[in-house]
Amino acid sequence: MKIKMTVLATALLAAACSNQSAPEAGGDAAQAPEAPKVLNVYNWSDYIAEDTIANFEKETGVKVTYDVFDSNEVLEAKLLAGNTGYDIVVPSLTFLSRQIQAGVFQPLDKSRFTQYGNLDSEIMALLAKNDADNAHSVPYLWGTTGIGYNVAKVKAALGDDFPLDSWAMVFEPETLAKLKGCGVAILDTPSEIIPPVLDYLGEEPNSFDEAVIQKAVDRLALLRPSITYFHSSQYINDLANGDICVAIGWSGDIIQAQARAAEADKGVEVSYIIPKEGAPMWFDMLAIPKGAKNVDNAYLFIDYLMRPDVMAGVQNYVAYASANQAALPMVDQTILDDPGIYPTPEARQGLYTLAVLPPEVDRLFTRHWTTLKTGK
Ligand code: SPD
């Protein structure tokens with residue numbers, strides 16, 4: 001309700017100002033310049049419905065400039081450099097947490113949201129562990145990191161009886177070598193790949209111990225000759241077109257690849273698994289950087305995204321889960337029933353969130369990753 005009052009009050013005030021009679025000659029009653037009706041959003045690629053922005057623009061008259069990224073590291077570098085020019089950004093929770101500590105975001109005035117009550121209170125309590133009192137962020141979408149594969153090509157390379165429910169498919173060097181010929185893609189982000197390798201090796205996935213981390217690095221070095229490329233978005237089309245046969249990637253992205261493959265109808269079947277050993281689960285969060293120029297419009301857009309019909313439209317398009325309880329009745333049954341999007345209770349047992357990396361571990365990850373990719 002309060003947002004309505006705020007917007008209404010602002011509108012009334014603006015109207016009152018514009019209806020004021022001209023100032024007396026010699027008077028100095030300058031009119032406040034009207035706030036520009038623009039908004040600059042920086043979100044992940046392939047992460048919004050095709051009509052979300054256009055519908056928001058039509059409804060509000062706010063013109064949106066919408067840019068995309070595909071890695072938390074890229075977003076973080078911009079945020080830490082300051083003055084991004086963006087009014088809304090979408091870091092993952094663990095990155096957001098240390099960005100809050102760095103003073104990058106403004107606290108949110110939740111009384112400005114009309115739709116906040118749609119959010120699942122259990123999920124909000126979980127998120128509050130990284131953003132106390134949910135003070136700086138609103139959840140957008142969540143998902144898991146797992147394996148996408150081309151069913152026919154992987155079976156042809158590994159045999160019909162090879163179990164396709166385990167990280168063994170990608171973390172055993174001899175197995176991955178058999179898939180090399182049909183193309184292997186890995187997310188280009190050490191913070192998402194090192195933990196599941198450690199987990200697969202029986203170590204604590206979120207270990208900060210250098211010697212433990214080295215075990216994942218050594219395993220990745222053995223896998224390296226079989227990896228076609230490191231990239232965090234190209235795999236969607238490549239899987240869909242049959243140009244690669246396996247990718248370590250994000251749930252909804254791989255399910256989008258599955259849908260694109262089905263639409264193309266060229267006989268490519270893509271499947272997504274959350275490996276039985278467990279997998280990272282993550283949340284991407286909407287936040288307003290300090291210094292944002294169009295804060296009122298940022299509030300409007302975040303509130304808009306929390307509307308059940310809008311969020312359901314996003315989910316139905318990008319195939320990710322949300323924290324919006326009220327949207328669920330409008331989400332397609334195929335999305336709700338897909339265990340790759342809403343994991344089964346059994347699969348949920350194996351999911352873990354990623355740690356907030358201290359700077360020295362973050363630097364260590366980056367160093368190892370550069371060496372892995374470039375050999376230097
Ligand atoms: N194409 C959109 C992918 C969004 C992925 N978010 C990644 C979060 C990783 N922690």
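**Ligand shell and domain interface**

Visitor: Which atom of the ligand does E192 approach, and at what distance?
Guide: A polar side-chain atom of E192 sits 2.4 Å from a nitrogen atom of the ligand. This is a predicted model.

Visitor: How much of the ligand's accessible area does the protein cover?
Guide: The ligand has 330 Å² of accessible area on its own, and the protein covers 98% of that.

Visitor: And D253, what does its side chain do there?
Guide: An N or O atom in the D253 side chain is 2.8 Å from a nitrogen atom of the ligand. For S92, a polar side-chain atom lies 3.3 Å from a ligand nitrogen atom.

Visitor: Which residues surround the ligand?
Guide: W44, S45, D46, Y47, N72, S92, E192, W250, D253, W282, D284 and Y320. By class, that shell has five nonpolar, three polar and four charged residues.

Visitor: Where does the ligand lie relative to the domains?
Guide: Between them, because domain 1 and domain 2 both give residues to the shell.

Visitor: Switching topic. What are the domain bounds?
Guide: Domain 1 is 38-143 + 282-342, and domain 2 is 144-281 + 355-374. The contact takes 23 residues from domain 1 and 26 from domain 2. Their C-alpha centres are 26 Å apart.

Visitor: How much area is buried between domain 1 and domain 2?
Guide: About 1800 Å², with carbon and sulfur atoms giving 53%.

Visitor: How many salt bridges between domain 1 and domain 2?
Guide: Two. Across that interface, 10 residue pairs are in polar contact.

Visitor: Back to D46. Which side chain does D46 meet in a salt bridge?
Guide: R260, at 3.0 Å from N to O. D46 is also among the residues around the ligand.

Terms used: Residues are numbered from 1 along each chain as its sequence is written. This is a predicted model: local features need pLDDT of at least 70, side-chain atom pairs count only at pLDDT 80 or more; totals for chains, interfaces and linings use all residues. Side-chain values use heavy atoms; hydrogens and water are left out. A residue is near a molecule or strand if one of its heavy atoms lies within 4 Å of it. A polar contact is a pair of N or O atoms within 3.5 Å; within protein, one must be able to donate a hydrogen and the other to accept it, and residues adjacent in sequence count only if both atoms are side-chain atoms. Accessible areas come from the Shrake-Rupley method with a 1.4 Å probe; for residues, only the protein chains shown count as cover. Ala, Val, Leu, Ile, Met, Phe, Trp, Tyr, Cys and Pro count as nonpolar, Asp, Glu, Lys and Arg as charged, and the others, Gly among them, as polar. Domain bounds come from an automatic or database domain assignment. Contact means heavy atoms within 4.5 Å. Buried area is the accessible area (1.4 Å probe) that two parts lose on being put together, summed over both. A salt bridge is a side-chain nitrogen of Lys or Arg within 4 Å of a carboxyl oxygen of Asp or Glu.
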